[in-house]
Amino acid sequence: MNFDSNETQQLLADAVLRFAAKDYDFEARKRIVQSADGWSESVWNTIAEMGLLGIPFSADYGGFGGGAADLMNVMDAIGSALIVEPFLPTVGLGAQLVARAGSAAQHAAILPSVIEGKIKVAFAHTEKHARYDLSKVSTQATKTGNGWNLHGEKLIVLGAPMADRIVVSARTVAGISLFLVDRTAPGLTIRPYRTLDEVRAGDVVLSNVRVSGDALLGTDGHAPPVIEAVTDFAIALLCAEAVGAMKSANDATLEYLKTRKQFGVTIGTFQTLQHRMVDMMVSYEQAKSMACLACSKVDHATDVNDRARAVAAAKFRIAEACRHISQESIQLHGGMGMTEEMKISHTFRRLTMIAQQFGDADHHLARYGSLAE
Amino acid sequence: MDLNYSADELAFRDEVRAWLAANLPNDLREKVSGYAHLSRDDLLRWHKILAKKAWIAPAWPKEWGGNDWTVVQRYIFEEECGYAGTPPLIPFGIAMCAPVLFKFGTEAQKKRFLPRIYQGEDFWCQGYSEPGSGSDLASLKTRAVREGDHYVISGQKIWTTLAHYADWIFCLVRTDSSMSKRQEGISFILIDMQTPGITVRPLILMDGGHEVNEVFFDNVKVPVENLVFEENKGWTVAKYLLGHERMNTGRIGASKRELVKLKDLARKEIKDGKPLIEDMRFRDKLFRVEIELTALEITNLRFLDQMRRTGQPPGADVSILKIRGTEIQQTLTELMMQAIGPLAQPFEAVGSAGGVDAYTSTLAPRYCSYRKTSIYAGSNEIQRNIIAKMSLGL
Ligand SMILES: Cc1cc2nc3c(=O)[nH]c(=O)nc-3n(C[C@H](O)[C@H](O)[C@H](O)COP(=O)(O)OP(=O)(O)OC[C@H]3O[C@@H](n4cnc5c(N)ncnc54)[C@H](O)[C@@H]3O)c2cc1C
């Protein structure tokens with residue numbers, strides 16, 4: 001047993017924390033989310049220069065050959081600083097699918113550019129009425145000569161507006177399959193929008209988009225296990241990000257309790273608020289433990305069921321903690337917590353969204369119960 | 001024991017319900033049910049419709065336009081408005097400033113302000129809270145210095161709801177800082193928002209909405225005749241208002257309406273091929289809040305009954321309505337957001353065929369916004385302190 005970061009992980013963590021402190025304080029973030037595109041290319045370049053984009057990819061393509069555990073500190077810092085650039089959509093989903101399902105040729109074509117920060121890859125999967133069910137795909141892929149014709153509509157695709165490539169899930173006669181599509185492909189349109197947590201996402205409409213035969217990622221009809229594995233990987237990273245956001249919420253609230261004065265004393269002297277703060281701290285520690293479990297299992301579990309159960313448990317616990325900590329931190333800030341100008345209200349929004357991304361507490365509790373012990 | 005309304009009360013309820021159905025303009029109904037922004041005009045239009053029907057101020061004395069309704073009728077009326085989805089009645093004039101004037105105002109003040117409040121000619125706001133004085137209101141610092149027949153007021157108010165719509169503000173200000181008890185030395189004063197030296201600055205809340213403001217006073221000259229009650233006796237006025245009428249703080253009617261909408265949504269949303277309302281986990285949460293709401297409604301009726309029999313409001317226990325009522329409102333907004341699953345994410349209507357429409361995109365911001373309900377009007381912690389101290393003697 002060892003919960004410490006190794007030397008490389010610590011170096012990466014320090015680098016990200018330095019970057020967040022220097023270039024991504026709340027004011028800098030505000031400028032970025034209010035800009036037209038809602039993300040910063042120079043931030044992305046810095047992330048690439050720090051080597052963060054290569055962490056979970058093979059050294060063969062310039063990566064670091066690591067896993068979720070190596071990304072934990074990075075995700076923690078992203079959560080704490082509320083970084084909006086599409087790190088998780090690219091590293092945890094889009095490019096991760098290419099790495100796990102793609103051929104050597106596809107790896108060579110995509111991964112080095114991703115790692116260098118030259119291209120971003122999104123994953124377009126969720127559809128209307130699918131909720132959190134990964135198997136609900138009705139987008140069609142029909143064979144045409146030696147290529148494919150894609151038709152359908154994908155919702156809430158994280159990082160879509162700035163993506164260069166999009167991995168699209170679609171149903172062929174053989175089953176659910178993955179296709180690597182260029183964002184400029186004729187017939188593909190993106191309707192971009194801001195999300196509650198000020199990230200940019202979009203709906204991706206595929207109107208008879210033609211792609212060549214080599215756009216198929218992996219074996220025709222065999223995508224579900226890869227989609228599940230990659231989604232679990234992304235959930236583990238999201239849990240780590242949530243932990244950073246929760247820490248930031250707890251720190252800010254604790255600081256507020258120690259400084260805000262009412263009735264001639266700091267409000268932290270009221271025992272009822274002390275206990276509430278203690279419960280928030282307990283929630284955080286429990287959540288952090290589950291993030292460790294999820295990251296460790298997505299890296300090392302040899303059994304799919306074992307991995308899925310750990311991830312479901314972690315996401316359940318983290319969704320509950322997100323809700324608890326975010327709500328309490330606003331309440332204990334009083335009116336100030338409600339305002340746009342305080343970072344805590346933005347952390348609240350991020351935690352609220354994390355609780356519902358890739359499955360809410362109900363979904364993962366049910367999933368946990370449905371998997372064999 | 002009889003939990004039912006009397007025949008007369010039922011007839012009254014039906015009358016109110018039918019009138020609301022016929023007289024609530026469709027565009028307002030739709031705005032309210034779609035959670036759209038309500039403008040000053042929207043709010044005043046509804047106010048004037050009620051004023052024309054002579055239903056705008058049921059609790060006022062009859063000679064000023066009140067309706068002589070029983071407490072139960074008043075409750076029924078408010079709950080029916082909530083259930084029908086009328087624009088909210090902005091309380092600052094009708095339900096806050098007016099009762100103060102009836103109790104403490106001079107005849108001249110009553111004549112000057114009450115008819116205009118009734119007709120919706122003046123829009124009022126409430127200037128109590130300050131940056132350093134929220135829960136601890138008695139520590140307020142905005143100063144009013146008497147100079148001849150004026151007070152000169154300097155300081156800052158914060159969280160002033162709809163100050164950007166308001167013609168008038170009623171304020172608590174410090175007229176004497178030499179008193180040993182902080183509650184003494186505070187005065188209640190009415191201020192014309194057009195007076196030179198007043199600046200209103202918006203405070204945007206986390207749902208992006210502009211409802212509250214900071215109001216700055218820089219040597220604002222207010223005529224002495226705008227003082228209500230005696231100088232340095234403003235705390236008495238404020239306390240009277242706090243204890244005055246808190247029978248609708250549970251917002252039962254509005255929550256019932258939201259519950260209906262939640263059920264509609266849960267019937268439409270599909271989970272695992274079935275309507276979400278058939279999902280046991282979701283269903284349990286939905287019914288749990290429904291039962292809690294039923295309990296609160298009956299608690300509210302018990303308080304009303306007590307008030308009817310004794311003529312006295314049930315004191316600190318009324319805080320139960322604020323605590324549980326806001327918790328229910330918050331749970332309802334949270335379940336609405338959870339009901340739509342991943343579609344809760346867009347912050348602006350996308351308007352795609354398969355994606356998120358304007359209504360859906362309001363649900364998560366609304367959840368955010370409703371966190372305020374356990375903070376404002378005496379935070380739920382302060383409400384619990386009140387019960388602990390006043391009801392339980394702790
Ligand atoms: C949307 C909105 C609209 C508002 N509208 C108006 C308005 O129109 N006019 C107006 O005058 N004011 C208005 N308010 C202000 C509101 O009344 C105050 O926000 C409220 O009184 C709390 O004060 P505060 O925000 O300064 O929080 P604080 O008093 O600083 O409280 C911070 C936290 O400490 C807790 N706390 C404080 N004291 C104690 C204690 N003794 N024991 C236990 N816990 C305690 C609080 O419950 C809270 O959780 C509004 C507020 C909001 C958010």
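**Two interfaces, between chains and between domains**

In this predicted model, 52 residues of chain B are in contact with 47 residues of chain A. The size of an interface is often given as the accessible area lost when the parts come together. For chain B and chain A that area is about 4200 Å², with carbon and sulfur atoms giving 58% of it.

What holds charged groups face to face here? The rule finds four salt bridges across the interface of chain B and chain A. You can look for one between the side chains of Arg194(A) and Glu348(B), at 3.3 Å from N to O. The interface of the two chains also has 24 residue pairs in polar contact, both at pLDDT 80 or more. Several elements of chain B, including strand 6 (198-204), helix 9 (280-310) and helix 11 (360-369), each supply at least two residues of the side that touches chain A. Helix 11 of chain B gives the most, with five residues. By class, this side of chain B has 26 nonpolar, 15 polar and 11 charged residues.

Now let us look inside chain A. Its domain assignment gives domain 1 (7-115), domain 2 (121-217) and domain 3 (224-371). The centres of domain 1 and domain 3 of chain A are 21 Å apart, taken over C-alpha atoms. Between them, these two domains of chain A bury about 2100 Å², 76% of it on carbon and sulfur atoms. Here the rule finds zero salt bridges, and the count of residue pairs in polar contact is three. On the side of domain 1 that touches domain 3, helix 2 (26-34), helix 4 (68-81) and helix 5 (87-101) of chain A each supply at least two residues. Helix 4 of chain A gives the most, with 10 residues.

Definitions and conventions: Residues numbered from 1 in each chain as written. Chains lettered and ligands numbered in written order. Predicted model: local features only at pLDDT ≥ 70, side-chain atom pairs only at ≥ 80, totals over all residues. Heavy atoms only, no water. Domains from an automatic or database assignment. Buried area = accessible area lost by both parts, 1.4 Å probe. Polar contact = N/O pair within 3.5 Å; in protein donor to acceptor, adjacent residues only side chain to side chain. Helix = DSSP H or I, 4+ residues; strand = E, 2+ residues; numbered from the N terminus. Contact = heavy atoms within 4.5 Å. Nonpolar A, V, L, I, M, F, W, Y, C, P; charged D, E, K, R; others polar.
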